[in-house]
Amino acid sequence: MIRKTISLAFFACAAFFAFAYYDRYFKWRDCFNEQGRCFDPETASVYVEQAGMVWALMFALTLIPALILWFKKPKSQD
């Protein structure tokens, strides 16, 4: 039970990082210039290309333990 709860917490974090990856990098991937920056005039925000790697890494680092904990076989109670 505890293992499944921790796994769900990891899944929630992975979902947050996946959304952050999409919001901060993926939908702007065609806008980046040669310096790796994209300026959004509507929100006056500057997006950097390196953010994609950081958010994707955080997503992977939370998804992998979540999957391991979720599918791990429980120890037998002999």
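**Figure 1. Two helices and two strands make up the protein chain.** This is a predicted model, and a good way into it is to follow the elements from the N terminus, where they run α-β-β-α. Helix α1 covers residues 2-24, and the strands β1 (37-40) and β2 (45-48) come with a loop between them. Helix α2 takes in residues 50-71.

**Figure 2. The whole chain spans about 65 × 20 × 15 Å along its principal axes, going by the C-alpha trace.** Its radius of gyration is 18 Å, whereas a compact globule of 78 residues would have one near 12 Å. Burial is worth a look here too: 19% of the 78 residues count as buried. The chain exposes about 6100 Å², and 66% of that area comes from carbon and sulfur atoms. Among contacts with a separation of 6 or more, 58% are between residues 24 or more positions apart. As for charge, the chain has 9 positive and 7 negative charges, and their mean positions lie 17 Å apart.

**Figure 3. Helix α1 has the length expected of its 23 residues.** At 1.5 Å a residue, helix α1 should span 33 Å, and the C-alpha atoms at its ends are indeed 33 Å apart, so the two values agree. Now look for the residues of α1 that are buried: S7, A14, F17 and A20. These buried residues pack against α2.

**Figure 4. S7 of helix α1 is in contact with residues far along the sequence, namely A66, L69 and W70.** That list leaves aside the neighbours of S7 within four places in sequence. With a relative accessible area of 0%, S7 is buried, because the cut-off for burial is under 20%. Zooming in on S7 therefore gives a handy example of the packing of buried α1 residues against α2.

**Figure 5. A15 and A56 are 11 Å apart in space, C-alpha to C-alpha.** In sequence, 41 residues separate A15 from A56. A15 has its place in helix α1. The relative accessible area of A15 is 47%, so this residue is partly exposed.

**Figure 6. L61 of helix α2 has its C-alpha atom 9.9 Å from that of F17.** Along the chain, L61 and F17 are 44 residues apart. F17 is one of the buried residues of α1, whereas L61 has a relative accessible area of 52% and is therefore exposed, the cut-off being over 50%.

**Figure 7. I68 of helix α2 and R3 are 65 residues apart along the chain.** In space, the C-alpha atoms of I68 and R3 are separated by 10.0 Å. I68 is exposed, with a relative accessible area of 52%.

**Figure 8. A44 sits in the loop between β1 and β2.** Do check the backbone here: phi of A44 is near 55°, a positive value in a residue other than glycine. A44 is also exposed, and its relative accessible area is 56%. The strands on either side of this loop are β1 at residues 37-40 and β2 at residues 45-48.

Methods
Residues are numbered from 1 along each chain as its sequence is written. This is a predicted model: local features need pLDDT of at least 70, side-chain atom pairs count only at pLDDT 80 or more; totals for chains, interfaces and linings use all residues. Side-chain values use heavy atoms; hydrogens and water are left out. Helices (H or I, at least four residues) and strands (E, at least two) are DSSP runs, numbered from the N terminus. The radius of gyration is taken over C-alpha atoms; the globule rule is 2.2 Å times the number of residues to the power 0.38. Buried means under 20% relative accessible area, exposed over 50%, partly exposed in between (1.4 Å probe, protein chains only). Contact means heavy atoms within 4.5 Å. Accessible areas come from the Shrake-Rupley method with a 1.4 Å probe; for residues, only the protein chains shown count as cover. Lys and Arg count as positive and Asp and Glu as negative; His and the chain ends are not counted. The place of a charge is taken as NZ of Lys, CZ of Arg, CG of Asp or CD of Glu. The expected span of a helix is 1.5 Å times one less than its number of residues.
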